[in-house]
Amino acid sequence: MSPTTSKGAAAVRRTELSPERMAKFHEYAEEYPNKRSALMMTLRLAEEEFGCITDEAMEIVANLCNMPVAHVQGMVTFYTHFKRPFHGKHRFMVCATLMCALEGNTDAALDRIRAKLGIKAGEITADGLFSCEKVECLADCDKPPVVQKDNEHFCSMRGKTMDEYIDSLLKKEGKSPSEYAGKAGKAMDTRVPYLPAHYNFPGETDEGARHFEDKDPYLAPGQGGMTTGIPKPLATPLTVPVADGVNGGAKPSTNGHKKGAH
């Protein structure tokens with residue numbers, strides 16, 4: 001976790017990984033033609049360090065790989081295998097592609113997870129320990145249903161096989177199925193936060209990264225907020241009945257005409 005300035009003080013935002021992982025990063029930097037090429041491996045180092053890919057982790061990786069934070073975020077949100085803060089400590093990823101979905105195999109795996117943990121696809125348990133989601137092909141099409149739990153890969157996970165695995169996992173966590181039976185899960189907030197534009201990292205030069213479109217030539221390095229946020233849902237004509245107008249507040253005027261009159 002991030003160090004704090006004093007007891008009760010706000011956490012100090014980190015600017016690099018631990019010495020051990022920084023050493024590993026420099027090894028990767030030597031192996032690849034440039035630092036940008038080491039992005040995925042650097043993200044794995046950050047995932048190991050933080051337990052998931054946080055906003056702070058993305059900022060560190062962007063700085064290390066000499067690229068915009070938005071580029072890093074694009075990588076993280078494109079590849080679903082990166083663990084994000086909204087996931088549970090243990091992620092159940094159930095293949096929902098055609099070969100697993102045939103004959104109800106995907107649904108069978110999801111039903112067992114729900115029966116044992118009380119969560120559906122897209123949900124997390126109230127204690128944050130488990131989450132469940134549907135994913136695309138996990139590359140064992142002849143042995144459905146295929147399930148991945150964190151970095152563990154399983155085939156033919158149905159019925160008793162799935163039940164026994166979940167029971168063993170609960171035992172390791174000091175939990176019992178009765179703690180989850182009949183308790184509904186919470187929806188995971190998987191919306192993508194936006195990252196502020198026009199941020200310049202210290203060390204960037206006019207010939208380098210500051211030529212990217214998210215750089216502001218009028219800001220000195222280090223200026224500009226780094227906090228991410230989730231924008232409120234945008235009101236559009238498609239989110240409300242067209243007759244009610246864009247804002248959804250005004251009632252349509254009939255001007256003396258009956259509905260449907262011309």
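**Figure 1. Met99 and its nonpolar neighbours at the surface.** In this predicted model, Met99 is partly exposed, with a relative accessible area of 42%. You'll find Met99 in helix H5, which covers residues 98-101. Together, Leu98, Met99 and Leu102 make a nonpolar surface patch of about 290 Å².

**Figure 2. Inside the largest nonpolar core.** Now for the greasy part of the structure. The largest nonpolar core holds 24 residues, and Leu17, Leu39, Leu43, Ile53, Val61, Val72 and Val76 are the ones with the most contacts inside it. Helix H1 (19-31), helix H2 (39-50), helix H3 (55-65) and helix H4 (69-78) are the elements that give two or more residues to this core. Which helix gives the most? That's H3, with 7 residues. Apart from this core lies another one, of 19 residues, and Cys132, Val147, Phe154 and Leu170 are among them.

**Figure 3. A look around Val72.** Val72 is one of the residues with the most contacts inside the largest nonpolar core. Which residues does Val72 touch if you leave aside its neighbours within four places in sequence? The list is Leu39, Leu43, Met58, Val61, Ala62 and Met67. Leu39, Leu43 and Val61 also appear among the core residues with the most contacts.

**Figure 4. Strand S1 and the strands beside it.** S1 spans residues 90-95, and 6 of its 6 residues are buried, so this strand is largely enclosed by the rest of the structure. Try following the side chains along S1: His90, Phe92 and Val94 point one way, while Arg91, Met93 and Cys95 point the other way. That fits a general pattern: in a regular strand, side chains alternate between the two faces of the sheet. S1 pairs with strand S3 (residues 130-135) in the parallel sense, over 6 bridges. Within that pairing, look for Arg91 opposite Ser131 in S3. S1 is also joined to strand S4 (residues 147-149) by 3 bridges, and here the strands run antiparallel. Met93 has Gln148 as its bridge partner in S4.

**Figure 5. Thr54 in a loop.** Thr54 sits in the loop between H2 and H3. Is Thr54 buried or exposed? With a relative accessibility of 19%, Thr54 counts as buried, because the cut-off for that label is under 20%. Leaving aside its neighbours within four places in sequence, Thr54 is in contact with Arg84 and Pro85.

**Figure 6. Gln73 and Asp55.** Gln73 belongs to helix H4. This residue is buried, with a relative accessible area of 11%. How far apart are Gln73 and Asp55 in space? They are 8.6 Å apart, C-alpha to C-alpha, although 18 residues separate them in sequence.

**Figure 7. A salt bridge between H1 and H2.** The count for this model comes to 16 salt bridges. One of them links Glu48 with Arg21, and their closest N and O atoms are 3.3 Å apart. Since Glu48 lies in helix H2 and Arg21 in helix H1, the pair ties together parts that are 27 residues apart in sequence. Glu48 counts as exposed, at 52% relative accessibility, whereas Arg21 counts as partly exposed, at 24%.

**Figure 8. A salt bridge within H2.** Glu47 and Arg44 meet through their side chains in a salt bridge, with a distance of 2.4 Å from N to O. Both residues lie in helix H2, 3 residues apart, which is about one turn of the helix. Glu47 counts as buried, at 14% relative accessibility. Arg44, at 27%, counts as partly exposed.

**Figure 9. A salt bridge in H7, and a network elsewhere.** Glu164 and Lys160 also form a side-chain salt bridge, at 3.8 Å from N to O. They're 4 residues apart in helix H7 (residues 159-172), so about one helical turn separates them. Lys160 counts as exposed, at 62% relative accessibility, while Glu164 counts as partly exposed, at 46%. For a bigger group, find Arg14, Arg21, Glu48 and Glu49: salt bridges that share partners join these residues into one network.

Terms used:
Residues numbered from 1 in each chain as written. Predicted model: local features only at pLDDT ≥ 70, side-chain atom pairs only at ≥ 80, totals over all residues. Heavy atoms only, no water. Core = buried A, V, L, I, M, F, W, Y, C linked by side-chain atoms within 4.5 Å. Buried < 20%, exposed > 50% of the residue type's maximum accessible area, 1.4 Å probe, protein only. Contact = heavy atoms within 4.5 Å. Pairing = 2+ DSSP bridges. Patch = residues over 30% accessible without salt bridge, like charges linked within 9 Å, V, L, I, M, F, W, Y side chains within 5 Å. Areas by Shrake-Rupley, 256 points an atom, 1.4 Å probe, with all protein chains shown as cover. Salt bridge = Lys/Arg side-chain N within 4 Å of Asp/Glu carboxyl O.
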